[in-house]
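Student: I have a structure open and would like to go through its aromatic rings. Can we take it step by step?

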Amino acid sequence: MASVVLENLTLGYAGRPAVWRLDGVFAAGKATAIVGPNGAGKSTLLKALAGLIQPIAGRTRLDGVSRRDIAYLAQDSGIDRGFPITLDDLVALGLQARLGLFRGVGPAERRALETAIAAVGLGGLEARPIAALSGGQFQRALFARVMAQDSKLILLDEPFAAQDTRTIDHLADVVRRWSAECRTLVLVLHDLDLARALCAETLVLAGEVVAWGPTATALTPETLKRADVLAATSAVEA
Amino acid sequence: MSAGVVIGDLALRSAAAGGLALAFGGAPLGVLLIARRMSLSGDALSHGILPGAAIAYLLAGPNPLALTAGALIAALVVVSLSSLLARTRRLPEDAAFAVIYLSALALGVLLLARTAGPEALEALLFGATTALDRGGLLLAASAATATLAALALFIRGFVAESVDPQFVRAQGGRTGGGLHILLMMLVALNLVAGFRAFGALMTVGLMMIPAAGARFWARGFAGQACVAIALSAASGILGLLIAARLGVEPGAVMTLAAAGLFAVSGLVGVNGGLARSLKPSARL
């Protein structure tokens with residue numbers, strides 16, 4: 001099982017810290033929700049875990065998983081939906097790390113792709129160009145790509161934002177399945193009910209750690225209020 | 001004058017062969033560049049290779065091999081510098097590219113004006129002659145072969161880096177690294193193969209316009225690449241025949257022929273062509 005240890009981690013852009021001196025552990029084999037007000041540094045923290053931004057100070061330490069095996073789903077993937085590839089091609093990007101530059105998609109990989117696409121409810125649409133997918137179908141396709149990566153550490157940034165209830169229900173089931181498979185999950189979530197439903201652990205973040213532990217004790221009206229106050233103060237200072 | 005007589009002409013035959021080679025090498029690259037929203041980078045690169053050609057001219061005179069080598073080295077320098085500049089994340093990639101290639105263009109113009117006179121500059125930008133010599137043809141054929149081989153080997157990497165660079169970076173891959181430079185060098189190689197006969201700018205036209213037109217016929221990358229090759233080859237031959245009739249340099253006519261085929265594609269293409277969108281029931 002994979003875990004991530006934060007050691008005195010300070011993150012920011014252009015030298016301005018957005019997240020200060022985080023210490024803690026994303027527990028192995030569990031799902032952790034990161035919640036907090038806008039500007040709390042949630043996405044920044046996730047990007048740092050994915051290795052997309054370098055810390056200003058401190059570090060992240062990976063246990064049981066290598067950097068290139070992390071599955072990261074961005075809040076806005078920035079993918080050009082007009083790009084001339086099919087759903088199948090998009091999901092197959094998830095195999096990239098395993099296949100390297102040259103190896104082709106063999107029978108085992110083909111089965112993994114089919115399983116992933118079926119699991120998100122898109123079976124039969126493999127040959128459809130991504131331009132012809134609806135917003136919900138596209139997000140499902142990105143979930144299938146995460147599944148194809150078969151990673152022990154999965155990072156999801158607002159994975160349910162702007163999705164309809166049916167899609168959220170379906171994708172939440174996929175997340176539960178990943179949890180049951182003892183993968184380590186870190187999800188940035190706005191919806192607190194989803195955080196309670198899906199995540200055993202919660203980190204309430206507001207530039208610094210407000211609370212971090214089992215969801216029942218960390219995610220309370222008091223900790224949320226404190227996060228709001230902290231965010232408002234730092235916004236005034238900024 | 002029948003087409004048979006025209007094609008019987010040796011110079012025209014060479015030019016047609018060169019045009020075909022460019023179609024096979026350049027057009028699929030055009031599809032990839034358009035897909036990654038870098039349609040203008042070919043244009044930029046065609047300017048960027050100028051100082052290399054100029055320095056080669058300065059050192060070796062109008063020696064085709066030296067010109068080619070000079071242009072390729074200049075392309076490598078321009079691509080690497082803009083890639084480095086973009087990687088500092090202080091500038092978006094296209095802005096970095098603009099800074100580097102415009103500087104290179106100015107340097108090339110100055111060098112060429114000092115060493116070879118303005119005619120050489122014009123010849124380089126717009127093409128000098130219908131005659132491609134043996135070496136030129138060989139270069140064009142090699143460029144096409146190298147491009148198709150590289151695309152076959154690296155297409156997954158090219159596509160991954162183009163469609164979702166953030167994803168590639170999160171997997172420990174580097175964007176703007178080796179694959180990106182390889183892609184741009186292939187573009188440069190095809191430009192170099194075409195620029196003495198058809199002109200650097202017009203060669204870009206034969207690379208990009210058919211690729212844009214192909215979007216109206218096919219949705220997948222492979223389909224678009226094949227259509228782009230066909231459109232580019234047709235524009236090349238059509239342009240050569242018309243240019244021979246008019247008695248003008250073929251580069252511009254070939255590009256206009258590509259524009260004409262693009263317009264036809266936009267009108268009647270099966271994938272989002274105007275005629276289709278006017279009749280939504282036609283889809284059923």
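**Aromatic rings**

Student: Before the rings, is A:Phe143 buried or exposed?
Tutor: This is a predicted model. In it, A:Phe143 is buried, with a relative accessible area of 0%.

Student: OK, and how many aromatic pairs are there over all chains?
Tutor: A search of the whole structure finds five. One of them joins A:Phe143 and A:Phe160. Their ring centres are 6.4 Å apart and the planes make an angle of 35 degrees, so the pair counts as tilted.

Student: Where do A:Phe143 and A:Phe160 sit in the chain?
Tutor: A:Phe143 is in helix H5 of chain A, residues 135-149. A:Phe160 is in the loop between strand S6 and helix H6. They are 17 residues apart, and the pair links distant parts of the chain.

Student: And A:Phe160, buried or exposed?
Tutor: A:Phe160 has 6% relative accessibility; buried means under 20%, so A:Phe160 counts as buried.

Student: Which residues form one aromatic cluster with A:Phe143?
Tutor: A:Phe160 and A:Trp178.

Student: Switching to chain B. What kind of pair do B:Phe154 and B:Phe158 form?
Tutor: An edge-to-face pair, 6.2 Å centre to centre, with 65 degrees between the planes. Both residues are buried.

Student: Why are B:Phe154 and B:Phe158 separated by about one helical turn?
Tutor: Because they are four residues apart in helix H8 of chain B, which covers residues 134-163.

Student: New topic, charges. Which ring does the charged end of A:Arg81 sit over?
Tutor: The ring of A:Phe138, at 4.2 Å from its centre.

Student: And what does A:Arg145 lie over?
Tutor: The face of B:Phe167, with 3.7 Å to the ring centre.

How values were computed. Residues numbered from 1 in each chain as written. Chains lettered and ligands numbered in written order. Predicted model: local features only at pLDDT ≥ 70, side-chain atom pairs only at ≥ 80, totals over all residues. Heavy atoms only, no water. Phe/Tyr/Trp six-rings, centres within 6.5 Å; stacked < 30°, edge-to-face > 60°. Helix = DSSP H or I, 4+ residues; strand = E, 2+ residues; numbered from the N terminus. Buried < 20%, exposed > 50% of the residue type's maximum accessible area, 1.4 Å probe, protein only. Lys NZ or Arg CZ within 6 Å of the ring centre and 35° of its normal.
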